[in-house]
Amino acid sequence: MDDSLMPVDGFGSGATGYEHLSLDTNGDGLVDAQLESLDLNGDGINDIETIDVDTTGNGVADISLVRMDLDGDGLVDLTSLSVDIDGDGVADIDVQDGSGVPDMLAVSDHSQDIWGDVDESVDGGGGQHATTEGEAIDSEVSFAAFAETYDAMTFDGYANFYELHGTPAEDMALWDKQDGPNSCAVATTNMMFRSIGLDIGEDVLAEDFANKGAYDPYQGTDTSAIDDVINSFAYEHGYDAHAVTAHASSTEDFENLLDTGFKPMVIVDSAELNPMLENAILNEIGLIPDSCHAVMLTGIEHTDGASFAILNDPGSDAAVRIPMSTFLGAAEDYGGQCVLLGSGEAITSYGVEASV
(Lines give C-alpha, C1' and ligand atoms only; values in the text may rest on other atoms or scores of the structure.)
Protein backbone atom coordinates (compact mmCIF):
# COMPACT_ATOMS: atom_id res chain seq x y z
CA MET A 1 0.00 0.00 0.00
CA ASP A 2 1.23 3.47 -0.85
CA ASP A 3 0.97 5.46 2.37
CA SER A 4 2.58 8.65 1.10
CA LEU A 5 0.82 12.00 0.97
CA MET A 6 -1.42 12.19 -2.08
CA PRO A 7 -3.35 15.20 -3.46
CA VAL A 8 -6.88 14.04 -4.27
CA ASP A 9 -10.22 15.38 -5.46
CA GLY A 10 -8.64 17.79 -7.92
CA PHE A 11 -6.70 19.76 -5.31
CA GLY A 12 -3.01 20.15 -5.92
CA SER A 13 -0.47 22.82 -5.12
CA GLY A 14 -2.71 25.80 -5.78
CA ALA A 15 -3.96 28.49 -3.40
CA THR A 16 -5.91 25.91 -1.46
CA GLY A 17 -4.67 22.38 -0.85
CA TYR A 18 -6.15 19.10 0.28
CA GLU A 19 -3.93 16.22 1.36
CA HIS A 20 -4.78 12.68 2.33
CA LEU A 21 -2.58 10.18 4.18
CA SER A 22 -3.71 6.55 4.50
CA LEU A 23 -2.06 3.89 6.68
CA ASP A 24 -2.36 0.13 6.96
CA THR A 25 -0.92 -0.23 10.46
CA ASN A 26 -1.17 -4.02 10.81
CA GLY A 27 -0.42 -5.11 7.26
CA ASP A 28 -3.78 -6.76 6.60
CA GLY A 29 -4.37 -4.81 3.41
CA LEU A 30 -7.04 -2.60 4.98
CA VAL A 31 -6.74 1.09 5.77
CA ASP A 32 -6.76 1.42 9.57
CA ALA A 33 -6.12 5.14 9.87
CA GLN A 34 -6.20 8.17 7.67
CA LEU A 35 -5.52 11.87 8.01
CA GLU A 36 -7.02 14.59 5.87
CA SER A 37 -5.82 18.18 5.97
CA LEU A 38 -7.13 21.27 4.23
CA ASP A 39 -5.36 24.59 3.81
CA LEU A 40 -8.17 26.95 2.80
CA ASN A 41 -6.18 30.11 2.15
CA GLY A 42 -2.89 28.73 0.86
CA ASP A 43 -0.76 30.12 3.72
CA GLY A 44 0.92 26.77 4.38
CA ILE A 45 -0.96 26.25 7.66
CA ASN A 46 -3.68 23.62 7.83
CA ASP A 47 -7.07 25.12 8.69
CA ILE A 48 -8.85 21.77 9.16
CA GLU A 49 -7.29 18.44 10.13
CA THR A 50 -9.24 15.19 10.52
CA ILE A 51 -7.95 11.88 11.88
CA ASP A 52 -10.08 8.74 11.56
CA VAL A 53 -8.99 5.47 13.19
CA ASP A 54 -10.58 2.04 12.67
CA THR A 55 -9.63 0.06 15.78
CA THR A 56 -11.75 -3.02 15.01
CA GLY A 57 -10.87 -3.56 11.35
CA ASN A 58 -14.47 -3.47 10.19
CA GLY A 59 -13.90 -0.59 7.79
CA VAL A 60 -15.73 1.93 10.00
CA ALA A 61 -13.88 4.63 11.97
CA ASP A 62 -14.28 4.12 15.72
CA ILE A 63 -12.44 7.28 16.68
CA SER A 64 -12.73 10.54 14.78
CA LEU A 65 -10.87 13.72 15.70
CA VAL A 66 -11.30 17.08 13.98
CA ARG A 67 -9.15 20.13 14.70
CA MET A 68 -10.13 23.50 13.20
CA ASP A 69 -8.38 26.86 13.04
CA LEU A 70 -11.35 29.14 12.47
CA ASP A 71 -9.60 32.50 12.37
CA GLY A 72 -6.35 31.59 10.59
CA ASP A 73 -4.05 32.52 13.49
CA GLY A 74 -2.31 29.13 13.56
CA LEU A 75 -4.02 28.11 16.84
CA VAL A 76 -6.61 25.36 17.12
CA ASP A 77 -9.96 27.00 17.92
CA LEU A 78 -12.17 23.90 17.98
CA THR A 79 -11.40 20.28 18.74
CA SER A 80 -14.10 17.66 18.21
CA LEU A 81 -13.74 14.03 19.29
CA SER A 82 -16.20 11.23 18.56
CA VAL A 83 -15.84 7.70 19.94
CA ASP A 84 -17.96 4.71 18.89
CA ILE A 85 -17.54 2.35 21.86
CA ASP A 86 -19.86 -0.46 20.78
CA GLY A 87 -18.93 -0.45 17.09
CA ASP A 88 -22.43 0.13 15.79
CA GLY A 89 -21.37 2.98 13.55
CA VAL A 90 -23.00 5.61 15.77
CA ALA A 91 -20.88 7.83 18.02
CA ASP A 92 -21.55 7.00 21.67
CA ILE A 93 -19.56 9.94 23.00
CA ASP A 94 -19.10 13.34 21.42
CA VAL A 95 -16.83 15.96 22.96
CA GLN A 96 -16.15 19.44 21.67
CA ASP A 97 -13.49 21.67 23.15
CA GLY A 98 -13.37 25.32 22.12
CA SER A 99 -10.57 26.33 24.47
CA GLY A 100 -8.05 26.75 21.68
CA VAL A 101 -5.77 24.10 23.18
CA PRO A 102 -5.38 20.82 21.25
CA ASP A 103 -5.78 18.88 24.50
CA MET A 104 -5.77 15.30 23.32
CA LEU A 105 -3.02 15.50 20.73
CA ALA A 106 -0.75 17.99 22.42
CA VAL A 107 -0.76 16.46 25.90
CA SER A 108 -2.17 12.98 26.19
CA ASP A 109 -2.30 13.02 29.98
CA HIS A 110 -4.70 15.95 29.79
CA SER A 111 -7.40 13.54 28.67
CA GLN A 112 -8.67 13.40 32.25
CA ASP A 113 -9.14 17.17 32.08
CA ILE A 114 -11.29 16.74 28.97
CA TRP A 115 -13.39 13.94 30.37
CA GLY A 116 -13.38 14.83 34.05
CA ASP A 117 -16.17 17.42 33.87
CA VAL A 118 -18.42 16.03 31.16
CA ASP A 119 -21.04 14.88 33.65
CA GLU A 120 -21.92 18.46 34.63
CA SER A 121 -24.70 18.72 32.04
CA VAL A 122 -25.35 18.21 28.37
CA ASP A 123 -25.15 21.93 27.75
CA GLY A 124 -21.61 21.76 29.05
CA GLY A 125 -19.36 23.40 31.58
CA GLY A 126 -16.10 25.10 30.70
CA GLY A 127 -16.66 24.87 26.96
CA GLN A 128 -17.13 21.10 27.04
CA HIS A 129 -20.12 19.32 25.55
CA ALA A 130 -20.67 15.58 25.89
CA THR A 131 -23.69 13.40 25.37
CA THR A 132 -24.68 9.77 25.19
CA GLU A 133 -27.95 9.52 23.27
CA GLY A 134 -28.93 12.99 24.47
CA GLU A 135 -28.16 12.54 28.17
CA ALA A 136 -25.28 13.58 30.36
CA ILE A 137 -22.67 10.89 30.94
CA ASP A 138 -20.78 10.00 34.10
CA SER A 139 -17.19 11.25 34.03
CA GLU A 140 -15.60 8.09 35.44
CA VAL A 141 -17.45 5.88 32.97
CA SER A 142 -16.58 8.11 30.03
CA PHE A 143 -12.93 8.42 31.01
CA ALA A 144 -12.64 4.65 31.37
CA ALA A 145 -14.13 4.22 27.91
CA PHE A 146 -11.70 6.75 26.48
CA ALA A 147 -8.74 5.08 28.21
CA GLU A 148 -9.61 1.80 26.49
CA THR A 149 -9.59 3.42 23.06
CA TYR A 150 -6.68 5.83 23.45
CA ASP A 151 -3.99 3.14 23.15
CA ALA A 152 -5.55 2.07 19.87
CA MET A 153 -5.27 5.63 18.61
CA THR A 154 -1.50 5.74 19.17
CA PHE A 155 -1.09 3.16 16.42
CA ASP A 156 2.09 2.28 14.55
CA GLY A 157 2.70 5.19 12.22
CA TYR A 158 1.07 7.72 14.57
CA ALA A 159 4.32 9.71 14.48
CA ASN A 160 3.60 10.40 10.81
CA PHE A 161 0.64 12.47 12.00
CA TYR A 162 1.94 14.25 15.07
CA GLU A 163 5.08 14.71 17.18
CA LEU A 164 5.52 17.05 20.13
CA HIS A 165 8.54 18.16 22.15
CA GLY A 166 7.87 20.00 25.41
CA THR A 167 4.59 20.52 27.26
CA PRO A 168 3.07 23.72 25.81
CA ALA A 169 -0.50 23.12 27.02
CA GLU A 170 0.63 22.75 30.63
CA ASP A 171 3.07 25.63 30.30
CA MET A 172 0.34 28.11 29.39
CA ALA A 173 -0.07 28.46 33.16
CA LEU A 174 3.47 29.91 33.35
CA TRP A 175 2.69 32.85 31.07
CA ASP A 176 3.34 36.34 32.42
CA LYS A 177 2.36 39.42 30.44
CA GLN A 178 5.15 41.97 30.57
CA ASP A 179 4.39 45.02 32.71
CA GLY A 180 6.24 47.53 30.55
CA PRO A 181 7.01 47.94 26.84
CA ASN A 182 10.64 46.88 27.35
CA SER A 183 10.36 44.34 30.18
CA CYS A 184 10.02 41.19 28.05
CA ALA A 185 13.22 39.59 29.37
CA VAL A 186 12.23 40.29 32.98
CA ALA A 187 8.77 38.79 32.43
CA THR A 188 10.28 35.75 30.71
CA THR A 189 12.68 35.32 33.63
CA ASN A 190 9.64 35.25 35.90
CA MET A 191 8.12 32.55 33.70
CA MET A 192 11.29 30.48 33.97
CA PHE A 193 11.23 30.79 37.77
CA ARG A 194 7.59 29.67 37.71
CA SER A 195 8.65 26.60 35.71
CA ILE A 196 10.76 25.43 38.67
CA GLY A 197 8.10 26.25 41.24
CA LEU A 198 9.13 29.77 42.28
CA ASP A 199 6.70 32.63 41.56
CA ILE A 200 8.97 35.61 42.24
CA GLY A 201 6.97 38.34 40.53
CA GLU A 202 8.00 40.57 37.66
CA ASP A 203 8.09 43.67 39.86
CA VAL A 204 10.61 42.10 42.25
CA LEU A 205 12.80 40.87 39.41
CA ALA A 206 12.61 44.21 37.57
CA GLU A 207 13.86 46.02 40.65
CA ASP A 208 16.70 43.56 41.11
CA PHE A 209 17.69 43.67 37.44
CA ALA A 210 17.64 47.48 37.56
CA ASN A 211 19.70 47.62 40.77
CA LYS A 212 22.33 45.43 39.12
CA GLY A 213 22.42 47.66 36.03
CA ALA A 214 20.95 45.04 33.69
CA TYR A 215 17.51 46.58 33.07
CA ASP A 216 16.20 50.03 32.24
CA PRO A 217 12.46 50.58 31.69
CA TYR A 218 13.23 52.83 28.71
CA GLN A 219 16.10 50.89 27.16
CA GLY A 220 15.29 47.28 28.00
CA THR A 221 17.53 44.48 29.28
CA ASP A 222 21.19 43.74 28.70
CA THR A 223 20.76 40.17 27.41
CA SER A 224 24.42 39.31 28.04
CA ALA A 225 23.90 39.85 31.78
CA ILE A 226 20.68 37.87 32.32
CA ASP A 227 22.26 34.65 33.58
CA ASP A 228 24.62 36.49 35.96
CA VAL A 229 21.76 38.53 37.45
CA ILE A 230 19.59 35.43 37.91
CA ASN A 231 22.44 33.54 39.62
CA SER A 232 23.18 36.46 41.91
CA PHE A 233 19.49 36.88 42.81
CA ALA A 234 19.07 33.15 43.52
CA TYR A 235 22.20 33.07 45.69
CA GLU A 236 21.09 36.11 47.71
CA HIS A 237 17.70 34.51 48.43
CA GLY A 238 18.90 30.94 48.97
CA TYR A 239 17.14 29.44 45.94
CA ASP A 240 18.46 26.30 44.26
CA ALA A 241 18.19 27.98 40.87
CA HIS A 242 20.99 28.43 38.38
CA ALA A 243 21.11 29.99 34.94
CA VAL A 244 23.43 29.57 31.97
CA THR A 245 23.49 31.02 28.47
CA ALA A 246 23.49 28.57 25.56
CA HIS A 247 23.20 28.90 21.79
CA ALA A 248 20.92 26.87 19.52
CA SER A 249 20.99 27.00 15.74
CA SER A 250 18.68 24.22 14.57
CA THR A 251 15.34 22.60 15.27
CA GLU A 252 17.20 19.66 16.80
CA ASP A 253 19.11 21.96 19.17
CA PHE A 254 15.89 23.47 20.48
CA GLU A 255 14.23 20.03 20.69
CA ASN A 256 17.13 18.78 22.83
CA LEU A 257 16.65 21.68 25.26
CA LEU A 258 12.93 20.89 25.59
CA ASP A 259 13.52 17.14 25.89
CA THR A 260 16.03 17.81 28.67
CA GLY A 261 13.27 19.61 30.57
CA PHE A 262 14.23 23.25 30.09
CA LYS A 263 11.77 26.01 29.16
CA PRO A 264 14.39 28.27 27.59
CA MET A 265 14.24 32.01 27.19
CA VAL A 266 15.08 32.68 23.55
CA ILE A 267 16.20 36.06 22.25
CA VAL A 268 14.49 36.77 18.92
CA ASP A 269 13.89 39.53 16.41
CA SER A 270 10.22 40.27 17.02
CA ALA A 271 9.89 41.98 13.64
CA GLU A 272 10.41 38.56 12.01
CA LEU A 273 8.11 36.46 14.18
CA ASN A 274 5.14 37.03 11.88
CA PRO A 275 6.26 37.12 8.23
CA MET A 276 2.87 38.55 7.19
CA LEU A 277 3.48 41.78 9.10
CA GLU A 278 4.61 44.84 7.20
CA ASN A 279 7.42 45.32 9.71
CA ALA A 280 8.88 41.93 8.81
CA ILE A 281 9.17 42.93 5.16
CA LEU A 282 10.70 46.29 6.02
CA ASN A 283 13.09 44.58 8.43
CA GLU A 284 14.20 42.06 5.82
CA ILE A 285 15.16 44.79 3.35
CA GLY A 286 16.92 46.80 6.05
CA LEU A 287 14.54 49.76 6.32
CA ILE A 288 13.86 49.14 10.00
CA PRO A 289 16.30 47.63 12.52
CA ASP A 290 16.01 44.33 14.36
CA SER A 291 13.74 44.45 17.39
CA CYS A 292 15.22 42.48 20.30
CA HIS A 293 12.60 40.48 22.19
CA ALA A 294 12.59 37.66 24.75
CA VAL A 295 10.14 34.74 24.68
CA MET A 296 9.84 31.36 26.37
CA LEU A 297 9.95 28.32 24.09
CA THR A 298 7.50 25.75 25.48
CA GLY A 299 7.11 23.32 22.60
CA ILE A 300 7.97 22.20 19.08
CA GLU A 301 5.15 20.57 17.14
CA HIS A 302 5.47 18.51 13.97
CA THR A 303 2.37 17.68 11.93
CA ASP A 304 2.24 15.84 8.63
CA GLY A 305 2.52 19.11 6.73
CA ALA A 306 4.48 21.60 8.84
CA SER A 307 6.47 22.25 12.01
CA PHE A 308 5.82 24.95 14.60
CA ALA A 309 7.50 26.55 17.60
CA ILE A 310 5.12 27.20 20.49
CA LEU A 311 5.96 30.25 22.56
CA ASN A 312 4.85 31.91 25.75
CA ASP A 313 5.29 35.46 24.46
CA PRO A 314 5.15 38.05 27.27
CA GLY A 315 4.18 40.69 24.73
CA SER A 316 1.15 38.88 23.34
CA ASP A 317 -0.14 35.56 24.69
CA ALA A 318 0.54 32.03 25.91
CA ALA A 319 1.07 29.13 23.49
CA VAL A 320 1.61 31.29 20.41
CA ARG A 321 2.17 28.96 17.43
CA ILE A 322 4.82 30.14 14.95
CA PRO A 323 6.09 28.32 11.83
CA MET A 324 9.40 26.74 12.79
CA SER A 325 11.30 28.32 9.91
CA THR A 326 10.06 31.76 11.00
CA PHE A 327 11.12 31.13 14.60
CA LEU A 328 14.59 29.91 13.56
CA GLY A 329 15.07 33.01 11.41
CA ALA A 330 14.04 35.31 14.24
CA ALA A 331 16.38 33.54 16.69
CA GLU A 332 19.28 33.50 14.22
CA ASP A 333 19.46 37.30 14.28
CA TYR A 334 20.69 37.07 17.88
CA GLY A 335 22.90 34.02 17.48
CA GLY A 336 20.32 31.58 18.82
CA GLN A 337 20.93 32.92 22.32
CA CYS A 338 19.02 31.04 25.01
CA VAL A 339 18.98 31.37 28.77
CA LEU A 340 18.39 28.13 30.68
CA LEU A 341 17.17 28.04 34.28
CA GLY A 342 17.07 25.00 36.51
CA SER A 343 18.32 23.47 39.72
CA GLY A 344 22.05 23.05 40.19
CA GLU A 345 21.64 19.36 39.42
CA ALA A 346 19.71 20.06 36.22
CA ILE A 347 22.28 22.57 34.97
CA THR A 348 25.18 20.25 35.82
CA SER A 349 23.42 17.34 34.11
CA TYR A 350 23.08 19.49 31.03
CA GLY A 351 26.87 19.70 30.95
CA VAL A 352 27.55 23.14 32.44
CA GLU A 353 28.90 23.68 35.92
CA ALA A 354 26.37 25.61 38.03
CA SER A 355 27.91 28.72 39.56
CA VAL A 356 26.97 32.03 41.11
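Trainee: In this predicted model, is lysine 212 buried, partly exposed or exposed?

Mentor: The relative accessible area of lysine 212 is 31%. Buried means under 20% and exposed means over 50%, so a value of 31% places lysine 212 in the class between them, which is partly exposed.

Trainee: Which residue meets the side chain of glutamate 236 in a salt bridge, and where do the two partners lie?

Mentor: Glutamate 236 belongs to helix α7 (residues 226-237), whereas its partner sits in the loop between α6 (202-211) and β10 (215-216), so the pair ties together parts that are 24 residues apart in sequence. Glutamate 236 is itself partly exposed, at 47% relative accessibility. The N to O distance is 3.4 Å, and the residue that glutamate 236 meets is lysine 212.

Trainee: Which residues are joined with Lys212 into one network by salt bridges that share partners?

Mentor: Glutamate 236 and lysine 212 meet in a salt bridge, and salt bridges with shared partners extend this into one network. Its members, together with Lys212, are Glu236 and Asp208.

Trainee: Which parts of the chain does the salt bridge between lysine 263 and aspartate 171 tie together, and how many residues apart are they in sequence?

Mentor: The closest N and O atoms of lysine 263 and aspartate 171 are 3.1 Å apart. Lysine 263 lies in the loop between α8 (251-260) and β13 (265-269), while aspartate 171 is in helix α4 (residues 168-171), so the salt bridge ties that loop to that helix across a sequence separation of 92 residues.

Trainee: Are lysine 263 and aspartate 171 buried or exposed?

Mentor: To count as buried, a residue must have a relative accessible area under 20%. Lysine 263 and aspartate 171 both fall in that class, and the answer for the pair is therefore buried.

Trainee: Which residue forms a salt bridge with aspartate 199, and what is the relative accessibility of that partner?

Mentor: Aspartate 199 is exposed, with a relative accessible area of 55%, and its side chain meets that of arginine 194 at 3.1 Å, N to O. The partner, arginine 194, counts as partly exposed because its relative accessibility is 24%.

Trainee: Why are cysteine 184 and cysteine 292 not bonded, and how many disulfides does the structure hold?

Mentor: The closest cysteine sulfur to that of cysteine 184 belongs to cysteine 292, but at 6.6 Å it is too far for a bond, given that a disulfide requires sulfur atoms within 2.5 Å. Cysteine 184 counts as buried at 9% relative accessibility, whereas cysteine 292 counts as partly exposed at 40%. Cysteine 292 is in no disulfide, and the number of disulfides in the structure is zero.

Technical notes
Residues numbered from 1 in each chain as written. Predicted model: local features only at pLDDT ≥ 70, side-chain atom pairs only at ≥ 80, totals over all residues. Heavy atoms only, no water. Salt bridge = Lys/Arg side-chain N within 4 Å of Asp/Glu carboxyl O. Helix = DSSP H or I, 4+ residues; strand = E, 2+ residues; numbered from the N terminus. Buried < 20%, exposed > 50% of the residue type's maximum accessible area, 1.4 Å probe, protein only.
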